[in-house]
Amino acid sequence: MALVLLLGLGVVSYRMKNSTTFQVAGELVPRVDTGEKAVALTFDDGPTPADADAVLGALAERGVRATFFVNGKPLSEAPDVGRRLVEAGHELGNHTWTHRRMVLVTPAIVADEVEPTDDAIRSSGYEGEITFRPPYGDKLLTLPLYLANHDRTTVTWDVSPERWDAEQTPDEIVDGAVSETRPGSIILLHPWNGRTSVQQAIGPVIDDLTAQGYRFVTVSELLAMR
């Protein structure tokens, strides 16, 4: 019986850890329930200077403001990129300092990952609310409790067209993103670290969804529609 209980606890913990729609404490938002055809385009990781022109250029050409969930360490090493993001009107969110998996960690580790990243974001000139996204979407107990105690909103996603087990063309990424999107969706892409297929998909994703009547807002603007 004890073994069965342990196995059951393990399964529940695994599902909780990986869920993009549930956490044990605090507020988690995977999408916003709205009839308005508004969506948030979000980017994880980085920023990496070599990719900044491709990412920012695709957005600027279309007048779209996005939300960047950045890692504190690379942001602190490329503060000019952070300032470019803010000056272009984009929103910055916290994606931890080192992009480690935030499960089975101590409260001190959570603070070491979250708080310096907040500082780096503020140093970039960003003044709005800083939402949080856990690397890989992973969270269990310590992280949600920290976020709840600090009145932080966890933002996940409901559209994630990238595959990590196979190479994808830009068209495949575009098709996946467009087919999954609905009003209130939060779209996740990873355009940094030389991921050129994702970079090349940004413009067509925006173009195709715009043609369907969607408009792009930041995460904070989407949250305000609730």
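Two residues are said to be in contact when they have heavy atoms within 4.5 Å, and pLDDT is the predictor's confidence in each residue, from 0 to 100. Both terms are needed below, since the structure above is a predicted model.

**Exercise 1. Find where the confidence of the model is lowest and where it is highest.**

Solution. Begin with the protein as a whole, which averages a pLDDT of 93, with 92% of the residues scoring at least 70. Next, turn to the individual elements: the lowest confidence belongs to helix H1 (residues 2-18), with a mean of 46, and the highest to strand E3 (residues 67-70), at 99. Finally, look at residues 2-14, where pLDDT stays under 50 and where the model has one contact beyond four places in sequence.

**Exercise 2. Describe how helices H2 and H4 lie with respect to each other, and name residues that meet.**

Solution. First take the axes of helix H2 (residues 52-62) and helix H4 (residues 79-87), which come within 11 Å and cross at roughly 0°. Because angles under 35 degrees count as roughly parallel, H2 is roughly parallel to H4. Then consider the residues, where Ala52, Asp53 and Leu56 of H2 meet Val81, Arg84 and Leu85 of H4. Sorted by class, this contact of H2 with H4 has four nonpolar and two charged residues, and no polar ones.

**Exercise 3. Examine the backbone at Asp45 and at Pro47, in the loop between E2 and H2****.**

Solution. Start from the general rule that most residues other than glycine have a negative phi, and that most peptide bonds are trans. Asp45, found in the loop between E2 and H2, has a phi near 80°, which is a positive value in a residue other than glycine. Pro47 has its place in the loop between strand E2 (38-44) and H2, and the peptide bond leading from Gly46 to Pro47 is cis, with omega near 10°.

**Exercise 4. Describe the largest pocket and the second largest pocket by volume and lining.**

Solution. The largest pocket holds about 220 Å³ of space. Of the 13 residues that line this pocket, His99, Tyr136, Trp164, Leu188 and His190 are the closest to its centre, and the lining as a whole divides into six nonpolar, five polar and two charged residues.

The second largest pocket has a volume of about 150 Å³, and the residues that line it include Arg163, Glu167, Arg195 and Val198. Helix H8 (residues 196-211) gives the most to this lining, with three residues. By class, the lining of the second largest pocket has three nonpolar, three polar and three charged residues.

Terms used: Residues are numbered from 1 along each chain as its sequence is written. This is a predicted model: local features need pLDDT of at least 70, side-chain atom pairs count only at pLDDT 80 or more; totals for chains, interfaces and linings use all residues. Side-chain values use heavy atoms; hydrogens and water are left out. Helices (H or I, at least four residues) and strands (E, at least two) are DSSP runs, numbered from the N terminus. On a 1 Å grid over the protein atoms alone, a cavity is a set of points where a 1.4 Å probe fits but cannot get out, and a pocket is an open set with protein on both sides within 12 Å along at least five of seven lines; lining residues have an atom within 4 Å of a point. Grid points are joined across faces, edges and corners, and a volume is the space filled by probe spheres set on the points. Ala, Val, Leu, Ile, Met, Phe, Trp, Tyr, Cys and Pro count as nonpolar, Asp, Glu, Lys and Arg as charged, and the others, Gly among them, as polar. Axes are lines fitted to C-alpha atoms, for helices over the stretch in contact, and angles run from 0 to 180 degrees between N-to-C directions. Angles under 35 degrees count as roughly parallel, over 145 as roughly antiparallel, 65 to 115 as roughly perpendicular and the rest as oblique.
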